[in-house]
Amino acid sequence: MRILIIDDEKEITDFLATHLRSESFAVDVASDGESGSYLGRTNDYALILLDVTLPKKSGLDVLKELRLQGKMMPVIVLSVTSETETKIDFLNAGADDYLVKPSSYFELLARIRALLRRPAIIKEDILTLDTLVVDVKKHEVTRSKKPIQLTQKEFMLLAFL
């Protein structure tokens, strides 16, 4: 699996890249927000590790650009900034996790593995099979244009399958 690290602190990126490669991850590194955004938008990564404060473009701007481009890979924010407001801004912009530096590499690795275990996100809003139509956003199901009433669990199971 391929991971992108976007951080301007060379010691941190070298450490993370070395250790993640030893865990059999392919690792790319960007040292500024502009190149990180470009790599994230033009390549397929399983996960991105993103710093808050970056040269040329902030981490928040990078995250927003990725999400606007439809890139839905997990993003873990790594930052020395521990302010609640910053964490909320990143999580609301689409980050999956936020970890304050310095932190344990083993905790980071566990969080990476946990996020990579998640199933893929359903991208389509409307799923169809023959005459069965499942509208994921509206939580509606029809068969031959006739509505079908389902419980929440039944709907979730149908959409999953």
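Is the crossing of α3 and α4 left-handed or right-handed? In this predicted model, the crossing of these two helices is left-handed, and the legends below take that pair of helices and several other sites in turn.

**View 1. The packing of helix α3 against helix α4.** Helix α3, which covers residues 59-68, and helix α4, which covers residues 84-93, have axes that come within 9 Å and cross at roughly 15°. Angles under 35 degrees count as roughly parallel, and α3 and α4 are therefore roughly parallel to each other. On the side of α3 the contact is made by G59, L60, L63, K64 and R67, while α4 brings D89, F90 and A93 to it. Sorted by class, the residues of this contact between α3 and α4 comprise 4 nonpolar, 1 polar and 3 charged.

**View 2. The packing of helix α1 against helix α5.** The axes of α1 and α5 lie 12 Å apart, and the two helices pack at an angle of about 60°, so that α1 and α5 are oblique to each other. The crossing in which α1 passes α5 is right-handed. From α1 the residues F15, L16, H19 and L20 take part in the contact, and from α5 the residues Y105, L108, L109 and I112 do so. This contact of α1 with α5 holds 7 nonpolar residues and 1 polar residue, with no charged residues.

**View 3. The second largest pocket and its lining.** The second largest pocket encloses about 190 Å³ of space, and its lining consists of I12, F15, L16, L78, V80, K101, P102, S103, S104, Y105 and L108. Helices α1 (10-22) and α5 (105-117) each give at least two residues to this lining, and the largest share, 3 residues, comes from α1. By class, the lining of the second largest pocket is made up of 8 nonpolar, 2 polar and 1 charged residues.

**View 4. The cis peptide bond before P102.** Most residues other than glycine have a negative phi, and most peptide bonds are trans. The peptide bond that leads from K101 to P102, however, is cis, with omega near -5°. P102 is placed in the loop between β5 (97-100) and α5, and both K101 and P102 are among the residues that line the second largest pocket.

**View 5. The backbone at S24.** S24 is found in the loop between α1 and β2 (26-30). Although S24 is not a glycine, its phi is positive, at about 75°.

Methods
Residues numbered from 1 in each chain as written. Predicted model: local features only at pLDDT ≥ 70, side-chain atom pairs only at ≥ 80, totals over all residues. Heavy atoms only, no water. 1 Å grid on protein atoms, 1.4 Å probe; cavity = no way out; pocket = protein on both sides within 12 Å on 5 of 7 lines; lining within 4 Å. Points joined across faces, edges and corners; volume = space filled by probe spheres on them. Helix = DSSP H or I, 4+ residues; strand = E, 2+ residues; numbered from the N terminus. Nonpolar A, V, L, I, M, F, W, Y, C, P; charged D, E, K, R; others polar. Axes fitted to C-alpha atoms, helices over the stretch in contact; angles between N-to-C directions. Parallel < 35°, antiparallel > 145°, perpendicular 65-115°, else oblique. Left-handed = near helix turned anticlockwise from the far one by under 90°. Contact = heavy atoms within 4.5 Å.
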